[in-house]
Amino acid sequence: MDLNFSEDQRSLRDEVRRLLNDQASSAAMREAAEKNGGFDASLWDMAAAELGFCATNVPEAFDGLGLGAMELALLLEECGRRLACIPAWSTIAVGTPLIVSLGSEGAKSRLLPEIAAGSYRIAVALPIDNPQVAVRAQQSADGYVLDGAVSLVADLPSATLVLVPARFEDGKLGLFAVAPDDGLKIGSVQTIDLTRPFGALKFEGVRVGADARLDDAGFSEEALAQALLPGRLGLAAEQIGAAQGCLDLTLEYISGRVQFGRTIASFQAIKHRCAAMVVDLAEARSLLYGAAANLNIGASEIEMEIDALGVLAADVLWKVAEESIQLHGGVGNTWEYDPHFYFRKAQATAFMMGSSDERLARIAAQVIDGAAA
Amino acid sequence: MSAVQSLEEFRRQVAAWMAEHLTGRFAELKHRGHAGDGDALPDLRREWEQELAAGRWTCPGWPQEYGCRGLSVAEQVVFQEEYARAGGPGRLGHIGEGLVGPTLIAFGTEEQKKRFLPGIREGREFWAQGYSEPDAGSDLGNIKTRARLDPETGDWIVTGQKVWTSLAHLSDWIFVLARCEEGSVGPKGLIFLLMPLKQPGIEIHPIRQIGGGAEFNSVFFDGARASADCVVGQPGDGWKIAMTLLSFERGISTLGQQLGFTQELATIVEIARENGAAQNPAIRARLARAWAGLRAMRYMAIRSLEGGTSAEEELERLGYKYHWSNWHRDLGKLGMDVMGFDGVIINDDHRREQLRQMFFFTRSDTVYGGTNEIQLNIIAERGLGMPKEPRGKA
Ligand SMILES: Cc1cc2nc3c(=O)[nH]c(=O)nc-3n(C[C@H](O)[C@H](O)[C@H](O)COP(=O)(O)OP(=O)(O)OC[C@H]3O[C@@H](n4cnc5c(N)ncnc54)[C@H](O)[C@@H]3O)c2cc1C
């Protein structure tokens, strides 16, 4: 197993980091979060069109870069670090892998090259807190009819393409692509995380053409769960990146703030807490890269690893965000300083794609009752 | 054959050797002699070291010019894993193989290498580490043990006390950090000496530990001698050599250690299944969390062995000791909680006794080799560049 980055991986990360350091400044993030509903359109254009973010994990056969989970992780870590207000996670980590793993050859050659070129912002119509299929599909004379409601969809307000996993009467699943203006009812949902917009979707007898269906002949729950693994990994990467960004700004603050005639960074109580955060970050990040390498090769315990990763990533972001406010003192409690944006993200992401309690319960079932014991 | 295939072939070879040799009279050594049980069956474990040596499995990572296999990092990891998987006993030769050998290879004279490396490689001579003193623990630079040059013989004459010296009572030699320049303070004026433990000026007193056993000792020096050719480096270089030696401590053996952790977790799960603790949701969550931490630890170790040199990777490496020792200490408590009251009753059930010993010994994990607090200081100061702790006067 090789967990050191290649030259290419390093330069990809550095390039993304450079762009986001320049373009996703605190001021830009605040502008998007406070005035534009958590979406920074110009940053997206730059990331998608100029830097080719969206090509990362599109196979080469469809004009993508054909890179794996490690690169996906590096990219989303950087987005998390700067709280970049772009739908990178929904588009690249969740949407694209669904099409790559579940789509027919025809659908792939139709959609993937355009996705790679950055032409779509994708939202996936699965309830974000519990990604179970909530929409029903029925065949009609000239296509399909979709019914159902999905109460919480990440990045829906900025999406230009909505992917809808839906269930047929016989229990099989299908994947549909619809445009937001295709007769969907879209409601807005305001959450405490100002850097990621959410929306609610309602399908009331929405008619779509036969070509809206992306898969060949239906797929199982299990196949959908597999296709969502990069999304789970990507979410953890974003959380870990956010934790790093939050720790960085905290370290900067405490090394400038003076009390009792010395910087507060010189107090051992504070040094130790920062060092402990470093260890927690190293733990979560190592598991991120290990799981990414294993996702690439489809190793046997990958679901357990990704569940474990979800637990560690949510924990570390929470811990760092909470400590950040504390170590900033009074100013940490003001709107003006940035820690609260990370604190918001920590709580809002803690229940995305399921909760830590559910993840631990699944791991326990394997470790205690299953083969991994 | 690809690298992966040959590694798997090598794995089979180690496993086969262990299966063939850790049997018969050695069978009772399985899973014995590890931390908390470190003074178990010493005579048989000495013989086991020679058995390993005969199979050329001692010092397998040392270069071939010293008569060893010169295994790659990946092969050493495989060896450690298979050794642990087979239940290989705690290594009496660990300090010689892991610390003294690499230090002599880096700093020793040709004579010193000729004199000491074969004894370690052949499983004949065992070593103890003489750093800590009553007034010099975390503050290692404060050592007071004195080394004085005897102008007649050229020997160094040593007076003072070392403490917490693991396995000194089972060892033949000790390396000693002592003050050779009168009036020097801190890391200056120190000397690194190699000394036979069986000599008139040395007394070894075992110290009883919280778990009841006695793996460490006080070692008293009263005019004990180190001959002139037993100084490593120059007099005055002691600190540099002592620190380099410590850097060997975080090595390959960590992956073998993790296999031991995996076995301990499996034992706890097994008991939880038997006694019904596995029905308790809080226990289930803790077992799952332990699994997650162990998996992360594995990848931390792999990343650190791969030796990336960016600032971020260096920082991660500094966190490794703090991570594994605290994970293991938590496991010590989890094992007891899974057993419930049954765990506090002393009986001779082997698995339960093992978990009880682990409960006690894991308290030491966050003390030796740099305490938790010292690890956090190092991460903050060296890793994050935060201000250094002020030193007190005197
Ligand atoms: C099982 C075991 C085996 C050992 N084997 C050996 C051996 O073979 N050879 C050897 O030389 N030594 C050995 N040691 C000794 C070990 O290295 C020391 O115990 C350790 O370095 C701590 O030193 P101390 O015991 O003097 O504690 P102290 O340094 O007195 O520490 C006491 C407490 O104060 C804290 N503290 C100290 N300094 C600071 C600071 N600057 N900031 C914050 N907190 C601080 C410590 O973290 C600790 O919690 C062994 C120890 C154990 C437990």
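1. A nonpolar core, as used in this note, is a set of buried Ala, Val, Leu, Ile, Met, Phe, Trp, Tyr and Cys residues joined through side-chain atoms within 4.5 Å. With that in hand, a friendly reminder that what you are looking at is a predicted model. Its largest nonpolar core has 160 residues, and those with the most contacts inside it are W89(A), L163(A), L233(A) and I254(A). Helix α9 of chain A, residues 268-297, gives the most to this core, with 17 residues. Apart from it lies another core, of 27 residues, which includes C59(B), I95(B), W127(B) and V232(B). As general background, nonpolar side chains in soluble globular proteins tend to be buried together.

2. I254(A) is a good residue to click on next. Leaving aside residues up to four places away in sequence, I254(A) touches T263(A), I264(A), A265(A), I270(A), C274(A) and L327(A), and also M386(B) from chain B.

3. Now for the contact between the two chains. It takes 47 residues from chain A and 39 residues from chain B. Together the chains bury about 3,600 Å², with 63% of that on carbon and sulfur atoms. On the chain A side, K271(A), V279(A) and I368(A) lose the most area to chain B, together 17% of what that side buries. Nine salt bridges are counted between chain A and chain B. D315(A) and R289(B) have side chains that meet in a salt bridge, at 3.7 Å from N to O.

4. Two UniProt annotations may help you find your way around. In chain A, the unreviewed entry gives "domain: Acyl-CoA dehydrogenase/oxidase C-terminal" for residues 226-367. That span is 77% helix and 3% strand, and its end C-alpha atoms lie 20 Å apart. In chain B, UniProt (unreviewed entry) lists "domain: Acyl-CoA dehydrogenase/oxidase N-terminal" for residues 8-123. Residues 8-123 of chain B are 57% helix and 0% strand, with 27 Å between the end C-alpha atoms.

5. The domain assignment splits chain B into domain 1 (3-92), domain 2 (127-237) and domain 3 (250-383). How far apart do the C-alpha centres of domain 1 and domain 2 of chain B lie? The separation is 30 Å. Eight residues of domain 1 of chain B are in contact with five residues of domain 2 of chain B. The area buried between these two domains is about 550 Å², and carbon and sulfur atoms give 50% of it. In domain 1 of chain B, D39(B), R46(B) and L92(B) lose the most area to domain 2, together 64% of what that side buries. The salt bridge count between domain 1 and domain 2 of chain B is zero.

6. W164(B) deserves a look too. This residue sits in strand β3 of chain B, residues 156-166. Why is W164(B) classed as partly exposed? Its relative accessible area is 46%, and the class takes in values between 20% and 50%. W164(B) touches S132(B), I207(B), F216(B) and N217(B), not counting residues up to four places away in sequence. The C-alpha atom of W164(B) is 17 Å from that of L99(B), with their positions 65 residues apart along the chain.

7. Last, helix α3 of chain A, residues 41-50. The buried residues of this helix are L43(A), W44(A), M46(A), A47(A) and A48(A). They pack against α1 (7-23) and α5 (88-102) of chain A. Just after α3(A), G52(A) takes a positive phi of about 70°.

Notes: Residues are numbered from 1 along each chain as its sequence is written. Chains are lettered from A and ligands numbered from 1 in the order in which they are written. This is a predicted model: local features need pLDDT of at least 70, side-chain atom pairs count only at pLDDT 80 or more; totals for chains, interfaces and linings use all residues. Side-chain values use heavy atoms; hydrogens and water are left out. UniProt positions are given in the numbering used here, feature names are shortened, and annotations may be inferred rather than shown by experiment. Helices (H or I, at least four residues) and strands (E, at least two) are DSSP runs, numbered from the N terminus. Buried means under 20% relative accessible area, exposed over 50%, partly exposed in between (1.4 Å probe, protein chains only). Contact means heavy atoms within 4.5 Å. Domain bounds come from an automatic or database domain assignment. Buried area is the accessible area (1.4 Å probe) that two parts lose on being put together, summed over both. A salt bridge is a side-chain nitrogen of Lys or Arg within 4 Å of a carboxyl oxygen of Asp or Glu.
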